[in-house]
Amino acid sequence: MMIDRVAAEQGRTLDYHILADPDHAVIDRYGLFNADSRRPVPHPAVYVIDMEGVVRWKFIEVDYRIRPSNEDVMAALAEIG
């Protein structure tokens with residue numbers, strides 16, 4: 001897995017989870033599939049999910065070049081404490 005390779009090369013691990021969705025089950029469930037793309041890719045999205053599994057903040061954009069700032073994500077995280 002790429003995460004394991006990067007962790008080994010960099011000598012550190014992540015303190016958060018990254019979702020791998022090769023069958024796009026989650027992409028489909030959240031309605032992120034980009035049917036207009038030349039290849040099947042999801043729309044970019046960032047979710048902040050609390051410890052109970054509740055989505056507390058989300059950012060979804062059809063333009064892959066537009067992403068939330070780190071400050072936006074950190075503010076969303078601060079709100080759920």
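Before I place any residue, let me say that helices and strands here are DSSP runs, at least four residues for a helix and at least two for a strand, numbered from the N terminus. With that in hand, D63 can be placed in the loop between β4 and α3. I should add straight away that what we are looking at is a predicted model.

Let me begin with confidence, since pLDDT is the predictor's own confidence in each residue. The mean pLDDT of the protein chain is 86, with 98% of its residues at 70 or more. Among the elements of the chain, the lowest mean, 79, belongs to helix α1, residues 2-10, while β4 has the highest, at 95. As a general caution, where pLDDT is low, the predicted coordinates should not be read in detail.

Staying with D63 for a moment, its relative accessible area is 21%, and because buried means under 20% and exposed over 50%, this residue is classed as partly exposed. Between the C-alpha atoms of D63 and I3, which are 60 residues apart along the chain, the separation is 26 Å.

Now to D50, which sits in the loop between β3, residues 45-49, and β4, residues 55-60. Is D50 buried or exposed? D50 has a relative accessibility of 13%, and so it counts as buried. Its side chain meets the backbone at two places within the stretch that follows: a polar atom of the D50 side chain lies 2.9 Å from the backbone nitrogen of E52, and the side chain also reaches the backbone nitrogen of V54, again at 2.9 Å. If we set aside the neighbours within four places in sequence, D50 is in contact with R56 and I80.

Two histidines in loops deserve a word each. H43 lies in the loop between β2 and β3, and because its relative accessible area is 15%, H43 is buried. Not counting residues up to four places away in sequence, H43 touches L32, F33, N34, E61 and V62. H24, by contrast in its burial class, is partly exposed at 32% relative accessibility, and its place is in the loop between α1 and α2. What I would point out about the backbone of H24 is that its phi is near 45°, a positive value in a residue other than glycine. As background, most residues other than glycine have a negative phi.

Finally, the pockets. How much space lies in the largest pocket? The figure is about 1400 Å³. Of the 31 residues that line this largest pocket, H17, L19, A45, V46 and Y47 are the closest to its centre. The elements giving two or more residues to that lining are α2 (25-29), β2 (41-42), β3 and α3 (70-80), and β3 gives the most, with five residues. By class, the lining of the largest pocket divides into 23 nonpolar residues, five polar and three charged.

The second largest pocket has a volume of about 160 Å³. Ten residues line this second pocket, and those nearest its centre are I3, V6, A7, R12 and L14. Its lining comprises seven nonpolar residues, two polar and one charged. For anyone reading this pocket in detail, I would recall that helix α1, residues 2-10, has the lowest mean pLDDT among the elements of the chain.

Conventions: Residues numbered from 1 in each chain as written. Predicted model: local features only at pLDDT ≥ 70, side-chain atom pairs only at ≥ 80, totals over all residues. Heavy atoms only, no water. Buried < 20%, exposed > 50% of the residue type's maximum accessible area, 1.4 Å probe, protein only. Polar contact = N/O pair within 3.5 Å; in protein donor to acceptor, adjacent residues only side chain to side chain. Contact = heavy atoms within 4.5 Å. 1 Å grid on protein atoms, 1.4 Å probe; cavity = no way out; pocket = protein on both sides within 12 Å on 5 of 7 lines; lining within 4 Å. Points joined across faces, edges and corners; volume = space filled by probe spheres on them. Nonpolar A, V, L, I, M, F, W, Y, C, P; charged D, E, K, R; others polar. pLDDT = per-residue confidence, 0-100.
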